[in-house]
Amino acid sequence: MTEPNVSPLLSVDDLVVEFHTEGGVVRAVNGVSFAIEKGATLALIGESGCGKSVTSLALLNLVRPPGKIASGTITYTGDDAEARLITDWKSSSEQMRQFRGAEVAMIFQEPMTSFDPLFTIGEQIVEMVLAHRPKTSRSAARDIAIDMLGLVRLPQPEVLIDRYPHQLSGGMRQRVMIAMALCCGPNLLIADEPTTALDVTTESQILDLLRQLQSELGMAMLFITHDLAVASEVADDIAVMYLGYVVERGAAADVLSSPSHPYTRALLDSLPKIDTDPASRLNAIKGMVPTPDEMPRGCPFHTRCREAMPGLCDQRLPELYACGQGHQARCFLVDPQLEVLRG
Amino acid sequence: MSDTRALAADLEPEIETMSARPTAILSVRQLMWRKFRRNRLAVFGLVVLTVMYMLAVLAGFVAPYGVRETHQQFPRTSPTVIRFIDADGQFHLQPFVYAITRAMDPETFSMVSVEDTSVRYPVELFIRGTPYNILGILKSDVHLFGVEAPGKLFLLGTDTTGRDLFSRILYGSQVSLTVGLFGVILALVIGASVGIISGYYGGWFDEIVQRIIEMTLAFPQIPLWLALATLVPPTWSSVQVYFAISIVLSILSWGALARQVRAMVLSLRTSDFVRAASYANATPPRIMFRHLLPSTMSHILVIATLTIPSMILGETALSFLGLGIKAPMTSWGVLLNEAQSVQVILQLPWLLSPAAFVVLTIISFNFVGDGLRDAADPFSR
Amino acid sequence: MSSTMNEPTPLAESSSPLLSVRGVSKHFVLNGGVFGRAKSTVRALDDVSFDVPHGASVGLVGESGCGKSTMGHTIMGGLSANSGEIQFDDPERGRVDIAYADSELRRHVRLNIQMVFQDPNASLNPRMTLADLVAEPLIINKLLPKAEIPPRVAQLLEQVGLSPRYMDRYPHALSGGQRQRVVIARALAMNPKLVVADEPVSALDVSIQAQTLNLLKDLQVEHNLTYLFIAHDLSVVNYFTDETVVMYLGRVVETGNTRTMFKAPLHPYTAALLNSVPRLGHGKATEKRAPKGEVPSAVNPPAGCHFHPRCPYAQPICSTEVPPLRTISAGRQARCHFAGELPLVAAPGQSAI
Ligand SMILES: Nc1ncnc2c1ncn2[C@@H]1O[C@H](COP(=O)(O)OP(=O)(O)O)[C@@H](O)[C@H]1O
Ligand SMILES: Nc1ncnc2c1ncn2[C@@H]1O[C@H](COP(=O)(O)OP(=O)(O)O)[C@@H](O)[C@H]1O
Ligand code: SF4
Ligand SMILES: [Mg+2]
Ligand SMILES: [Mg+2]
């Protein structure tokens with residue numbers, strides 16, 4: 001896709017995040033690696049509890065105790081082409097604070113909780129602008145805020161700016177959230193299930209907006225979702241997570257059209273399609289996701305996998321094996337040595 | 001059928017692994033207890049209160065003297081010092097006290113108690129003394145500690161008539177610690193029932209109840225208590241007065257409780273599980289007492305725990321003003337009533353020690369209440 | 001009755017539907033303003049009519065706030081309608097109007113109509129064990145002698161794929177999908193004819209959603225159930241239901257056979273919904289045709305056709321006159337002045353909804 005000598009905007013290597021709870025150490029993120037190219041979108045998909053949100057928080061060094069980044073590196077290469085090792089920075093350092101918002105910004109599923117109900121949305125955007133550009137005057141910051149509201153296609157931004165969060169609909173709040181995230185011109189936008197709480201119509205408007213903004217502003221996106229169809233509409237690349245592991249990654253079209261990991265295949269299978277016979281049963285995945293404190297031995301998915309090979313999958317953890325151009329899966333079935341292993 | 005059987009088989013292993021998790025098998029109550037234990041202050045409060053109530057029950061055994069026992073030769077005696085080292089600087093393994101004698105204070109020309117270092121009385125455990133009975137069933141004359149007569153051990157000194165204050169505080173706690181409890185139970189039963197019914201049915205009943213509650217809450221507490229307490233006929237026996245005072249105390253507390261319960265019921269009433277119960281034809285009493293009451297119970301307990309202190313203070317205040325518990329019954333308020341004048345406080349500061357017990361109890365109840373408040377929502381992290 | 005009330009949908013297979021809703025309206029009066037004077041009315045249901053045939057699954061779809069749950073609770077008798085009729089074909093008493101049922105009739109009918117809620121965490125009392133939860137309807141309605149209750153509870157749990165060994169567990173020890181199974185077991189305890197399922201799989205993960213839909217389908221066959229299936233996920237509705245009722249701001253805007261409707265919608269709103277559904281396999285640059293704007297406030301809905309401010313085909317008449325719900329072709333109705341005349345297309349590549 002890009003020339004090999006250009007380093008990606010963000011690269012995550014072997015990231016491990018642990019939570020130290022009463023019941024012991026829980027590994028919510030287990031050796032995750034991925035890269036996000038400049039201007040591209042990576043979708044992180046998986047069922048709830050598989051570690052998507054924790055991964056995204058780790059990128060901004062926002063994992064709170066009892067959780068912490070146990071090992072791994074996160075490298076960010078911004079406009080100045082200088083590689084910065086974010087994992088070396090302290091969570092509360094000035095560097096990190098400037099980094100959040102100015103280089104990487106984040107939006108969440110429920111925007112209401114990210115707003116202060118006592119202030120108008122204008123005041124909150126202005127605060128955000130001033131925090132990153134202290135030299136701006138208040139009135140200039142307000143103009144920026146109005147521009148941003150216009151950018152996210154909100155009607156009558158000069159009126160809306162004086163509204164309180166609760167006076168807006170869910171879709172409008174999500175737009176304001178995006179405006180706030182973009183006001184410092186980040187290179188990467190992390191969107192954690194930004195449309196999950198919205199109706200299909202509003203969801204499709206927000207997805208349209210994000211796509212348009214991305215092509216206008218040239219920013220990259222880490223888009224977290226549990227909905228494969230949504231991922232297919234926004235993503236260039238996809239990483240599928242299960243129990244804290246990345247089990248498959250590659251270009252979106254490859255992963256969705258020729259899924260190589262049984263989990264990805266099963267997820268796609270379990271969705272009702274337009275041509276699914278209504279009289280038939282869906283191809284459900286058996287059982288449920290184990291909680292991370294009961295991590296199965298061997299391949300994390302073997303307890304639910306239709307193709308699991310006893311004696312192999314329940315004993316050893318498969319690596320990420322290449323199964324196509326830039327396409328890898330964590331499954332022995334794509335291990336070139338499979339025949340040897342089966343003996 | 002075979003399909004669902006297959007489904008059941010699919011789910012089996014996953015439930016199996018679940019059983020390994022400790023939280024999986026615990027009830028809500030057990031989860032709450034786990035959470036409560038994590039709050040150190042709450043556990044401290046609970047321990048203090050347990051000790052307090054045990055002391056109240058075992059007052060006869062722990063107190064060295066009886067509640068009405070006067071030591072006429074030793075009025076206004078300061079707390080007896082328990083010593084290990086005698087006047088000659090010699091160490092004794094068994095603690096002892098000196099004998100007390102009366103002497104003329106050369107400055108004030110009044111009789112005061114002084115230590116007579118020539119006579120030692122060792123402090124002994126399980127010593128025989130004044131007979132007592134516990135809860136009206138267990139008769140005995142063995143006391144936890146004391147000294148052989150004619151030695152005296154006044155742990156917290158004596159009052160103007162020569163009664164041992166420590167013993168009286170223990171006996172007084174029987175009244176002070178229970179008058180609040182009884183009042184709270186009364187307020188709880190009234191408040192919870194009224195709150196649940198008015199929250200569940202709403203309508204005119206709710207309107208009337210709300211107005212009544214507003215009225216009771218608008219009254220200034222102390223004057224109303226005073227007014228009600230003066231209504232208690234002076235001819236009533238001390239037991240009757242005790243119950244009358246509990247009722248007076250609960251009259252003002254049930255309203256606040258009913259309000260909070262009502263607010264909780266209002267939000268629970270439209271919750272899915274209550275709707276589900278009514279769609280299963282559950283009758284209103286069943287919904288109120290099987291579903292709403294248990295769901296509000298933990299919060300009710302929190303409110304109750306936080307109400308007891310104000311009731312204890314209420315009793316103390318009324319008795320302090322001479323309108324509550326009356327002699328011969330003793331309570332912390334009655335004891336403090338005797339420490340009223342500045343004169344007394346200056347000369348006999350130990351008479352204020354019941355206040356320390358009041359404070360310790362109140363703080364402990366508040367700690368426990370805070371702990372319960374956190375525990376009432378056991379699913380939050 | 002009222003002139004806007006519509007003749008029943010002609011049904012091919014059976015003469016009388018299990019449930020027929022006729023001209024039902026439900027208004028909520030909101031108190032606003034400082035002294036509660038400023039009253040405003042939400043017409044959560046406005047002249048709603050549709051049929052649920054015996055043994056069918058009927059989908060009720062629409063954006064949030066359009067009155068789907070209100071319809072469900074009105075059928076259950078948890079809310080009482082302001083006007084209209086809800087006819088239920090009771091197995092013992094024949095056709096009865098349950099919109100204004102007295103409490104005796106209501107108690108009887110509830111044995112035959114049960115509800116499954118969206119949020120399985122909220123619809124189970126956290127202080128009751130699975131056994132208590134599933135047994136409750138049996139005990140309340142004295143459906144079985146005491147001794148037969150535990151085996152029946154075990155059987156019900158088994159039917160929904162839960163091991164009866166865990167009967168004395170509490171709901172918090174279960175996952176969302178398992179809790180939803182308990183809710184379903186509880187509903188089945190009454191042996192109902194009709195199950196109103198209010199977004200039963202919306203809160204569940206993809207893999208658990210498929211399991212639950214399978215379970216609901218299996219139970220439908222085994223127990224001859226009829227579903228009113230409230231949902232907002234159109235691909236699920238497409239798979240699960242036979243007929244669909246589309247609602248917008250309290251009004252029914254289209255009804256008909258699900259698959260026919262999804263291939264060729266008659267109402268611009270249905271088309272807009274279908275075109276908004278994210279699709280697999282069309283790549284990143286999919287051009288969407290989501291309707292512009294958002295659902296207007298239900299307190300002050302647009303005059304005429306509620307959808308006109310967002311409708312690409314709106315004409316002057318749309319903002320002044322309320323279109324009636326008209327029968328356009330056999331078994332298909334739509335509430336649009338131009339239904340049947342518009343070039344509505346389901347999105348390109350409909351085949352992969
Ligand atoms: N504060 C916490 N304490 C303990 N464990 C946590 C905490 N936050 C997250 N986890 C663990 O991390 C796992 C992944 O969570 P998350 O990233 O939120 O999943 P999702 O993929 O749904 O966003 C959870 O299953 C949970 O076990
Ligand atoms: N108890 C209530 N009081 C006032 N308004 C209500 C009440 N319940 C629902 N509504 C209103 O009725 C409309 C329909 O709500 P609902 O039936 O829950 O929609 P849906 O289930 O389709 O999302 C909404 O505008 C909602 O605000
Ligand atoms: S009636 Fe008019 S506004 Fe309403 S859907 Fe039809 S064309 Fe659109
Ligand atoms: Mg998440
Ligand atoms: Mg709803």
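**Figure 1. Residues 212-233 of chain B in the predicted model.** Helix accounts for 77% of residues 212-233 of chain B and strand for 0%. The C-alpha atoms at the two ends of this span are 26 Å apart. An unreviewed UniProt entry places residues 212-233 among the spans of chain B that it annotates as "transmembrane region", together with 41-67, 175-200, 239-257, 300-325 and 345-368.

**Figure 2. Residues 41-67 of chain B, another span with the UniProt annotation "transmembrane region" (unreviewed entry).** Here helix makes up 78% of the span and strand 0%. Between the end C-alpha atoms of residues 41-67 the distance is 33 Å.

**Figure 3. The whole of chain B, with its 13 helices and 5 strands.** Along the principal axes, the C-alpha trace of chain B extends over about 95 × 55 × 35 Å. Its radius of gyration is 27 Å, whereas a compact globule of 381 residues would have a value near 21 Å. Of the 381 residues in chain B, 48% are buried. The exposed area of chain B is about 18,600 Å², and carbon and sulfur atoms contribute 66% of this area. Among contacts in chain B with a separation of 6 or more, 68% join residues 24 or more positions apart. Chain B carries 28 positive and 26 negative charges, whose mean positions are 7 Å apart.

**Figure 4. The cis peptide bond between A:Pro65 and A:Pro66.** Most peptide bonds are trans. The bond from A:Pro65 to A:Pro66 is cis, with omega near 10°. A:Pro66 belongs to the loop between helix H1 (52-59) and strand E4 (67-77) of chain A. This site falls within residues 10-268 of chain A, which UniProt lists as "domain: ABC transporter" in an unreviewed entry. Over residues 10-268, chain A is 38% helix and 28% strand, with 28 Å between the end C-alpha atoms.

**Figure 5. A:Glu193, a residue with positive phi.** Most residues other than glycine have a negative phi. A:Glu193 is not a glycine, yet its phi is about 45°. The residue occupies the loop between strand E7 (188-192) and helix H7 (200-217) of chain A. Because its relative accessible area is 11%, A:Glu193 is classed as buried.

**Figure 6. C:Glu199, a residue with positive phi in chain C.** Phi of C:Glu199 is near 50°, and this residue is likewise other than glycine. C:Glu199 lies in the loop between strand E7 (194-198) and helix H6 (206-223) of chain C. Its relative accessibility is 7%, so C:Glu199 counts as buried.

**Figure 7. A:Asp227 in a loop of chain A.** Strand E8 (220-225) and helix H8 (228-234) of chain A flank the loop that holds A:Asp227. A:Asp227 is partly exposed because its relative accessible area is 25%. A:Met180 is 47 residues from A:Asp227 along the chain, and their C-alpha atoms are separated by 25 Å.

**Figure 8. The whole of chain C, with its 9 helices and 12 strands.** A compact globule of 353 residues would have a radius of gyration near 20 Å, and the 21 Å of chain C therefore agrees with this value. The C-alpha atoms fill a box of roughly 70 × 55 × 50 Å along the principal axes. Buried residues form 60% of chain C. Chain C exposes about 13,000 Å², of which carbon and sulfur atoms supply 53%. Its side chains include 34 positive and 32 negative ones, and the centres of the two sets are 5 Å apart.

Key:
Residues numbered from 1 in each chain as written. Chains lettered and ligands numbered in written order. Predicted model: local features only at pLDDT ≥ 70, side-chain atom pairs only at ≥ 80, totals over all residues. Heavy atoms only, no water. Helix = DSSP H or I, 4+ residues; strand = E, 2+ residues; numbered from the N terminus. Rg over C-alpha atoms; globule rule 2.2 N^0.38 Å. Buried < 20%, exposed > 50% of the residue type's maximum accessible area, 1.4 Å probe, protein only. Areas by Shrake-Rupley, 256 points an atom, 1.4 Å probe, with all protein chains shown as cover. Lys, Arg positive; Asp, Glu negative; His and termini not counted. Charge placed at Lys NZ, Arg CZ, Asp CG, Glu CD. UniProt positions renumbered as here; feature names shortened; annotations may be inferred. Contact = heavy atoms within 4.5 Å.
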